[in-house]
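Please look through the following report with the sequence and the model side by side. It is written for a reader who is new to protein structure.

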Amino acid sequence: MKNLKNTYDEIAIEWSKRRPTEWMQNSIDKFISLLKPGVSVLDVGCGSGDKALYMIQKGLKVTGVDFSEEMIRIAKKEV
């Protein structure tokens, strides 16, 4: 029986090819604007780390967590 974690482990490679959309970047930029530069952020459900990478590039310190080991493996490699 599949569960959500297994599903994310299975789709991790395809999922990791996605990049933040303009809408998502605008939302993240709004979030960042509410913070002091260089603060630490916890990205819960970080997936393959694409949004964490974007926030790092914008000057935040990001720690990502996810329940999919495969997503975390990709995030560690890519980010």
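The report goes from the whole chain to its strands, its nonpolar core, its aromatic rings and some pairs of residues.

## The chain as a whole

This is a predicted model, and its chain has 4 helices and 2 strands. Followed along the sequence, these elements come in the pattern α-α-β-α-β-α. The C-alpha atoms fill a box of roughly 45 × 25 × 20 Å, taken along the principal axes. Of the 79 residues, 29% count as buried. If one takes the contacts between residues at least 6 apart in sequence, 51% of them join residues at least 24 apart.

## The strands and the helix between them

How do the two strands β1 and β2 pair? Strand β1, residues 40–44, and strand β2, residues 61–65, pair in the parallel sense over 5 bridges. Within this pairing, L42 stands opposite T63 in β2. On the way from β1 to β2 the chain passes through helix α3, residues 50–57, and this β-α-β crossover is right-handed.

Strand β1 has two faces, of which the covered one carries V41 and D43, while S40, L42 and V44 belong to the uncovered one.

Helix α3 can be read in a similar way, since its buried residues are D50, A52, Y54 and M55. These buried residues pack against α2, which spans 22–33, and against both β1 and β2. One of them, A52, is in contact with D43 and V62, leaving aside its neighbours within four places in sequence. After α3 comes G59, whose phi is positive, near 100°.

## The nonpolar core

Which residues make up the largest nonpolar core? It consists of 9 residues in all, namely M24, I28, I32, V41, A52, Y54, M55, L60 and V62. The elements that give two or more residues to this core are α2 and α3. A general property of helices is useful when reading such a list: an α-helix has 3.6 residues a turn, so residues three or four places apart point the same way.

## The aromatic rings

A pair of aromatic rings is described by the distance of the centres and the angle of the planes. The structure holds 2 aromatic pairs. In one of them, the rings of Y8 and W15 have their centres 5.6 Å apart and their planes at 85°, and the pair counts as edge-to-face because this angle is over 60 degrees. Y8 and W15 also belong, together with F67, to one aromatic cluster.

The table below gathers the relative accessible area of some residues named in this report.

| Residue | Relative accessible area | Class |
|---|---|---|
| Y8 | 25% | partly exposed |
| W15 | 24% | partly exposed |
| D9 | 22% | partly exposed |
| V39 | 25% | partly exposed |
| S68 | 0% | buried |

## Residues brought together from distant places in the sequence

Is S68 buried or exposed? At 0% relative accessibility, S68 counts as buried, because the cut-off for this class is under 20%. S68 is found in the loop between β2 and α4, the helix that covers 69–78. Not counting residues up to four places away in sequence, S68 touches K5, Y8 and D9, and Y8 is also part of the edge-to-face pair described above.

D9, for its part, is found in helix α1, which covers residues 4–16. D9 and S68 are 59 residues apart along the chain, yet their C-alpha atoms are separated by 5.6 Å. Their side chains make a polar contact with each other at 2.5 Å. The side chain of D9 also reaches the backbone nitrogen of E70, at 3.3 Å. Leaving aside neighbours within four places in sequence, the contacts of D9 are with S68, E69 and E70.

Another such pair involves V39, which is found in the loop between α2 and β1. V39 and L60 are 21 residues apart in sequence, and the distance between them in space is 5.6 Å, C-alpha to C-alpha. Again leaving aside neighbours within four places in sequence, V39 is in contact with L60 and K61. L60 is itself one of the residues of the largest nonpolar core, whereas V39 is partly exposed, with a relative accessible area of 25%.

Methods:
Residues are numbered from 1 along each chain as its sequence is written. This is a predicted model: local features need pLDDT of at least 70, side-chain atom pairs count only at pLDDT 80 or more; totals for chains, interfaces and linings use all residues. Side-chain values use heavy atoms; hydrogens and water are left out. Buried means under 20% relative accessible area, exposed over 50%, partly exposed in between (1.4 Å probe, protein chains only). Two strands pair if DSSP finds at least two bridges between them. A crossover is right-handed if, with the strands pointing away from the viewer, the path from the first strand over the helix to the second runs clockwise. Contact means heavy atoms within 4.5 Å. Rings of Phe, Tyr and Trp (its six-membered ring) pair if their centres lie within 6.5 Å; planes under 30 degrees apart count as stacked, over 60 as edge-to-face and the rest as tilted. A nonpolar core is a set of buried Ala, Val, Leu, Ile, Met, Phe, Trp, Tyr and Cys residues joined through side-chain atoms within 4.5 Å. A polar contact is a pair of N or O atoms within 3.5 Å; within protein, one must be able to donate a hydrogen and the other to accept it, and residues adjacent in sequence count only if both atoms are side-chain atoms.
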